[in-house]
Amino acid sequence: MKHFFQQDTIAVGLVAGLGSIALLALLLTAALLVAGEAPTDHLTWYAGCFVAPLLIMRYYIKQQKATVAKTLMTVLFLTFIPFMFILFRTHSITLK
């Protein structure tokens, strides 16, 4: 497993980016359900799921793994835009 994440491939970026976002979202959802809260009432909390991929991207940039870093940037962009769209559609955030 460690050898997989040392490669400079698109697959590593996809697994690291999407995996970390999905894992953190799943953990947050489970914690909210255990606490008896509805996850839809706390949609803005899911923005924290984007912190881990940013830190992972920083690591791969420092290691000079350009393909993984570019893939992580793309994953972050392609997941953050729909997230913001959902926040606007549910009126969790508004523009004034």
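This tour proceeds from the whole chain to its helix contacts, its aromatic rings and three single residues.

**The whole chain**

Begin with the entire chain in cartoon view, bearing in mind that the model is predicted. The secondary structure comprises three helices and zero strands, and along the sequence the pattern reads α-α-α. Taken along the principal axes, the C-alpha atoms occupy a box of roughly 40 × 35 × 20 Å. Colouring by accessibility will show that buried residues account for 26% of the 96 residues in the protein chain. For a view of the contacts, take those between residues at least 6 apart in sequence: 63% of them join residues at least 24 apart.

**Helices α1 and α2**

Two packed helices are described by the angle between their axes and the distance between the axes. Select α1 (10–34) together with α2 (residues 51–62). Their axes are 9 Å apart, and the packing angle is about 155°. An angle over 145 degrees counts as roughly antiparallel, and α1 and α2 are therefore roughly antiparallel to each other. The crossing of this pair is right-handed.

Now display the side chains at the contact. From α1, select Val12, Ala16, Gly17, Ser20, Ile21 and Leu24; from α2, select Ala52, Pro53, Ile56 and Tyr60. Coloured by class, the residues of this contact divide into eight nonpolar, two polar and no charged.

**Helices α2 and α3**

Keep α2 selected and add α3 (residues 66–89). The axes of α2 and α3 come within 9 Å and cross at roughly 160°. That makes α2 roughly antiparallel to α3. The crossing of α2 and α3 is left-handed, whereas that of α1 and α2 is right-handed.

For the residues at this contact, display Pro53, Leu54, Ile56, Met57, Tyr60 and Ile61 in α2, which meet Val68, Ala69, Leu72, Met73 and Leu76 in α3. By class, the contact of α2 with α3 has eleven nonpolar, no polar and no charged residues. Pro53, Ile56 and Tyr60 deserve a separate selection: these α2 residues take part in the contact with α1 and also in the contact with α3.

**Aromatic rings**

A pair of aromatic rings is described by the distance of the centres and the angle of the planes. With ring centres within 6.5 Å as the criterion, the count comes to five aromatic pairs. Select Tyr59 and Tyr60: the ring centres are 5.2 Å apart and the planes stand at 75°, so the pair is edge-to-face. Tyr59 is partly exposed, with a relative accessible area of 47%, while Tyr60 counts as buried at 4% relative accessibility.

Move next to Phe80 and Phe83. Their ring centres are 6.2 Å apart and their planes lie at 45°, so this pair is tilted. Phe80 and Phe83 are three residues apart in helix α3 and are thus separated by about one helical turn. Phe80 counts as partly exposed at 35% relative accessibility, and Phe83 counts as buried at 12%. Adding Phe50 to the selection completes one aromatic cluster, formed by Phe50, Phe80 and Phe83.

**Three single residues**

Select Leu28, located in helix α1. Leaving aside neighbours within four places in sequence, Leu28 is in contact with Trp45 and Tyr46. A distance label from Leu28 to Val12, 16 residues apart along the chain, should read 24 Å between the C-alpha atoms.

Select His42 next, in the loop between α1 and α2. At 16% relative accessibility, His42 counts as buried. Apart from neighbours within four places in sequence, His42 is in contact with Leu32 and Glu37.

Finish at Thr71 in helix α3. Thr71 is buried, with a relative accessible area of 10%. Beyond neighbours within four places in sequence, Thr71 is in contact with Ile10, Gly13 and Leu14.

How values were computed: Residues are numbered from 1 along each chain as its sequence is written. This is a predicted model: local features need pLDDT of at least 70, side-chain atom pairs count only at pLDDT 80 or more; totals for chains, interfaces and linings use all residues. Side-chain values use heavy atoms; hydrogens and water are left out. Axes are lines fitted to C-alpha atoms, for helices over the stretch in contact, and angles run from 0 to 180 degrees between N-to-C directions. Helices (H or I, at least four residues) and strands (E, at least two) are DSSP runs, numbered from the N terminus. Angles under 35 degrees count as roughly parallel, over 145 as roughly antiparallel, 65 to 115 as roughly perpendicular and the rest as oblique. A crossing is left-handed if the near helix is turned anticlockwise from the far one by less than a right angle, and right-handed if clockwise. Contact means heavy atoms within 4.5 Å. Ala, Val, Leu, Ile, Met, Phe, Trp, Tyr, Cys and Pro count as nonpolar, Asp, Glu, Lys and Arg as charged, and the others, Gly among them, as polar. Rings of Phe, Tyr and Trp (its six-membered ring) pair if their centres lie within 6.5 Å; planes under 30 degrees apart count as stacked, over 60 as edge-to-face and the rest as tilted. Buried means under 20% relative accessible area, exposed over 50%, partly exposed in between (1.4 Å probe, protein chains only).
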